[in-house]
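Thank you for asking for a second pair of eyes on this entry. My comments are set out below as numbered points, to be read alongside the sequence and the coordinates.

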Amino acid sequence: MAKQYDVLFRLLLLGDSGVGKTCLLCRFTDSEFHPAHISTIGVDFKMKTIEVDGIKVRIQIWDTAGQERYQTITKQYYRRAQGIFLVYDISSERSYQHIVKWASDVDEVGAWRGVPFIYR
Ligand SMILES: Nc1nc2c(ncn2[C@@H]2O[C@H](COP(=O)(O)OP(=O)(O)OP(=O)(O)O)[C@@H](O)[C@H]2O)c(=O)[nH]1
């Protein structure tokens, strides 16, 4: 059987509840948009395989709950990520200001160094 992918990247979505992390992920993996906000419980993930210069790249994206009460669970995923998206809602200044807090949480568990951050 042909190998399904050559390299695997684990990425993580972080940000306040309701900023659109799940929507961003659904749009990327399934080209879908579901307008309802159903809060993520703990952590969920989706995968997509793309081809870059003939290399099959499997991207595994972990979607974390923005709600504070799940942070003990979600923090366990920070260390294993090779890339972290800090997501905010462009219509919510508060969610943008909280980006500093999310970045400092990642720093706290020692995952900051060497991990690329992509702001959207
Ligand atoms: N107008 C607009 N609304 C959006 C966009 N992306 C997401 N939303 C809305 O934002 C709400 C929350 O989206 P989710 O993706 O569920 O939010 P989340 O960040 O995953 O939330 P938690 O799972 O609670 O952390 C939904 O009601 C979406 O319809 C966008 O690009 N534009």
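The points that follow go from the whole chain to its strands, its core, the ligand and a few single residues.

1. A caution comes at the start: this is a predicted model, and every value in this note was computed from it. The protein chain has four helices and five strands, and from the N terminus on these elements follow one another in the order β-α-β-β-α-β-α-α-β.

2. On overall dimensions, the C-alpha trace spans about 45 × 35 × 25 Å along its principal axes. The radius of gyration of the protein chain is 15 Å, which agrees with the value near 14 Å that a compact globule of 120 residues would have. Of those 120 residues, 22% count as buried. If one takes the contacts between residues at least 6 apart in sequence, 67% of them join residues at least 24 apart.

3. Strand E3, residues 55-64, deserves attention because the pairings of E1 and of E2 both involve E3. With E1 the pairing is in the parallel sense and runs over seven bridges, whereas with strand E2, residues 43-52, the pairing is antiparallel and runs over 10 bridges. For anyone wishing to check the register by eye, Leu 12 stands opposite Trp 62 in E3, Asp 44 stands opposite Asp 63, and Thr 49 has Arg 58 as its bridge partner.

4. What lies between E2 and E3? The two strands form a hairpin with two residues between them, and Asp 53, in that turn, has a positive phi of about 50° although Asp 53 is not a glycine. Asp 53 counts as exposed because there are 5 other C-beta atoms within 10 Å, the cut-off for exposed being 12 or fewer.

5. A second residue with a positive phi is Ser 31, which is not a glycine either and for which the angle is about 55°. Ser 31 is found in the loop between H1 and E2, and Ser 31 is exposed, since 7 other C-beta atoms lie within 10 Å. I would ask that the text mention both Ser 31 and Asp 53 when backbone angles are discussed.

6. The largest nonpolar core has 16 residues, and those with the most contacts inside it are Leu 12, Leu 13, Leu 14, Ile 84, Phe 85, Leu 86 and Val 87. Two or more residues are given to this core by each of strand E1 (7-14), strand E3 (55-64), strand E4 (83-86) and helix H4 (99-108). As a general background, nonpolar side chains tend to be buried together in soluble globular proteins. Leu 12 may serve as an example: not counting residues up to four places away in sequence, Leu 12 touches Trp 62, Thr 64, Tyr 77, Tyr 78, Ala 81, Ile 84 and Phe 85.

7. Is Arg 10 buried, partly exposed or exposed? Arg 10 is found in strand E1, and Arg 10 is partly exposed because 16 other C-beta atoms lie within 10 Å, a count that falls short of the 20 or more required for a buried residue. The C-alpha atoms of Arg 10 and Gln 60 are separated by 4.9 Å, although these residues are 50 residues apart along the chain. With neighbours within four places in sequence left aside, Arg 10 is in contact with Gln 60, Trp 62, Arg 80, Ala 81 and Gln 82.

8. Around the ligand there are 16 residues, of which the closest are Gly 20, Thr 22, His 37, Thr 40 and Gly 66. By class, this shell has five nonpolar, 10 polar and one charged residues.

9. Which of these ligand neighbours can be described further? Thr 22, one of the closest residues to the ligand, is found in helix H1, residues 21-30, and Thr 22 is buried, since 22 other C-beta atoms lie within 10 Å. Apart from neighbours within four places in sequence, Thr 22 is in contact with Thr 40 and Asp 63; of these two, Thr 40 is also listed among the closest residues to the ligand, while Asp 63 is the residue that Asp 44 stands opposite in E3. The C-alpha atoms of Thr 22 and His 37, which are 15 residues apart along the chain, are separated by 8.7 Å.

Notes:
Residues are numbered from 1 along each chain as its sequence is written. This is a predicted model: local features need pLDDT of at least 70, side-chain atom pairs count only at pLDDT 80 or more; totals for chains, interfaces and linings use all residues. A nonpolar core is a set of buried Ala, Val, Leu, Ile, Met, Phe, Trp, Tyr and Cys residues joined through C-beta atoms within 7 Å. Two residues are in contact if their C-beta atoms, placed from the backbone, lie within 7 Å. A residue is near a molecule or strand if its C-beta atom, placed from the backbone, lies within 6 Å of it. Ala, Val, Leu, Ile, Met, Phe, Trp, Tyr, Cys and Pro count as nonpolar, Asp, Glu, Lys and Arg as charged, and the others, Gly among them, as polar. Two strands pair if DSSP finds at least two bridges between them. The radius of gyration is taken over C-alpha atoms; the globule rule is 2.2 Å times the number of residues to the power 0.38.
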